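User: Could you walk me through how the chains in this model fit together? I would like the answers in plain terms.

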Amino acid sequence: MTLSKDLRAGLCLMLAGAVVLALVWSYPSGTLSDIGPGAMVQLAGGLILLLGAALALRGWRQVAQNQSVLAGNRISPRAFIIPGAMAAFAILLPWLGLAVTAAIATLIAGFGSQEMSVKERLLGAVILSAFVTLLFGYGLRLQVPIWPWSY
Amino acid sequence: MLQSLDHFVTGLGIALQPGNLLFCFLGALCGTLIGVLPGIGPVATIAMLLPVTFYLSPVAALIMLAGIYYGSQYGGSTTSILMKVPGETASVVTCLDGYQMALKGRAGSALAIAALGSFFAGIVGTMLNVLFGPEFAKLALAFGSAEYFGLMLLGLAISIAMSHGSMLGAVAMVSLGVVLGTVGRDVNTGYGRLTFDIPDLSDGIGFVPLAVGLFGIAEVMRNLDGSAAAGGMVKAVGRLWPSREEGRRAVPAVLRGTVLGTVLGILPGGGAILASFTSYGLEKRLSRRPEEFGHGAVEGLAGPESANNAAAQASFIPLLTLGIPPNAVLALLVGGMMIHGIAPGPTVMTERPDLFWGLIASMLIGNVMLVIINLPLVGIWIQFLKVPYRLLFPAIFLFCCIGVYGVNGSLFEVWMAIGFGLLGYLLSKLELEPAPLVLGFVLGPLIEEHLRRALALSDGDASVFVTRPLSATLIALALLVPCLVLLPQLGKRRSEIFQAEQ
């Protein structure tokens, strides 16, 4: 069976709405004249669940009638290199300082594209790191250690 | 009104100070650059540059950030016309007829019409800011919580109606944004909401990691997995000056687009995107040759291009007078004002007249600069279009990292941006739009605050929203707008426009 795009999006929204509702269920909702901290989130969470259900239902009908609109669902593992490189930035920054971290993170991010040559990757990392270090580190004096030994 | 002109002249003096002039130019230049480059928009750029503006004077900071916003409207059209890739969301419509004109060898003329139309609209939009800004501020002082609530509801309704794809999904995205906006300590009761006892979350989710994640990181991810496709690039620009016939057809469209854009730009939730889509629809309907639309109709280029720039200028009115950001870009500008300890709202004009009038006057100067940057120098921007994405994305990535870290010097926010990047990627795979989410995130807390206040003042009597005429009108409009889209005829037109864009 093929999942229609509405069914898939609807199910995801239902899940998100259910999680939100479960988390905020116990928050006090208050009264109309004194609305509590829970009312707005509960309303929004319920709405997500409800709309997800409506979307899923529409998608389900399409599947049943073999009219499902398929979504372009190509997920490439290559894309996840970018958040991975950003995580490396977050982990390494306190240890290695801006200059080295920027170079390493950029180098990792470069693997997001197949078309880059090794030379382009290395050169890009060095140039970008130098630029960023000069601009943010020395120029704007961002509160960040620049070198591994600047503690 | 004469007094406004007086203030405006003072503002010109502020905007013409060498420092401010320089940052106006930098903003316009930067805006054009990121407008031209597909894969990076004004939201991500302004988010990345927010930490930089910390070091500037508030006036210079806002002048530069505003310049990036309206500059991107100019630059975006260049890419749309030459490559059929919207450099910026609001120039999606420009792809339709602009690219067709370019294919017919009229690329230069299309570029000139887009730039000059934008210029005219920008100037008129700025002057309307001057004339009506103060009037709006007076009106804003009469606004109670019920009216604010209605106005923001209308804003959300419009952004829902204008989002791509299914409306159910858009409403769900707004709701998700509202949920994310409530994270942190509740202002009224001090109750920690969805904080999971993480101290970093008690002040709520930062706007910069959210915006950079959803628009910067997710966009790079999408580009790398090859889902974003590009058309062939038109290399020959040809003569810049439009022919007499083209001019004759463009002028009325520019005038209509300017008026339409100004009116729609003032509405919260609308802004440039709403204006350009509506203008395209209007031109097509008014034209005696509707069959030419999509095949290089001059009106279909001139109208929306003027409308989106007029709207970009006009959307500063609700921001500066009511304190309501009408779209994601201007929400970031609120962040920029907050960094300098300025709360946007009706008091800005009285307490910081230098800021208000300096900013508005700078738009006039910025528009003049933009025409010069974009028309005679168009060759330079075409060179930028030839830079392959593989050389571009590492730079975008690195600026995203440092931009997020730089706002508060917080690594936690970098992790948040990673999370929102993944969320944005997931949403694009599910064909759900991130833009309504951002607006829900920004307006959610404001809506909650005004809802609470209005109901507390009326002692729990919900009729306060319908007995006050202004609030009743706004709420009625808010309910009406999504219904209009559901009407079969209009709904069909809406999907026609969105289909044409693909």
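**The interface of chain A and chain B**

User: How much area do chain A and chain B bury between them?

Analyst: Happy to help! Of the area that chain A and chain B bury, 80% is on carbon and sulfur atoms. Buried area is the accessible area (1.4 Å probe) that two parts lose on being put together, summed over both. For this pair it comes to about 5,600 Å².

A note on the basis: this is a predicted model, where local features need pLDDT of at least 70, side-chain atom pairs count only at pLDDT 80 or more, and totals for chains, interfaces and linings use all residues. Residues are numbered from 1 along each chain as its sequence is written, chains are lettered from A and ligands numbered from 1 in the order in which they are written, and side-chain values use heavy atoms, with hydrogens and water left out.

User: Which residue of chain A meets B:Arg390 in a salt bridge?

Analyst: A salt bridge here is a side-chain nitrogen of Lys or Arg within 4 Å of a carboxyl oxygen of Asp or Glu. The rule finds two across this interface. In one of them, at 2.9 Å from N to O, the partner of B:Arg390 is A:Glu120.

**A helix in chain B**

User: Why do the buried residues of α16(B) line one face of the helix?

Analyst: Helix α16 of chain B covers residues 378-385 (helices are DSSP runs of H or I, at least four residues, numbered from the N terminus). Its buried residues (under 20% relative accessible area, 1.4 Å probe, protein chains only) are B:Val378, B:Trp381, B:Ile382 and B:Leu385. They line one face because, seen down the helix axis and taking directions from the axis to the C-beta atoms, they fall within an arc of 105°.

Methods:
Buried means under 20% relative accessible area, exposed over 50%, partly exposed in between (1.4 Å probe, protein chains only). Helices (H or I, at least four residues) and strands (E, at least two) are DSSP runs, numbered from the N terminus.
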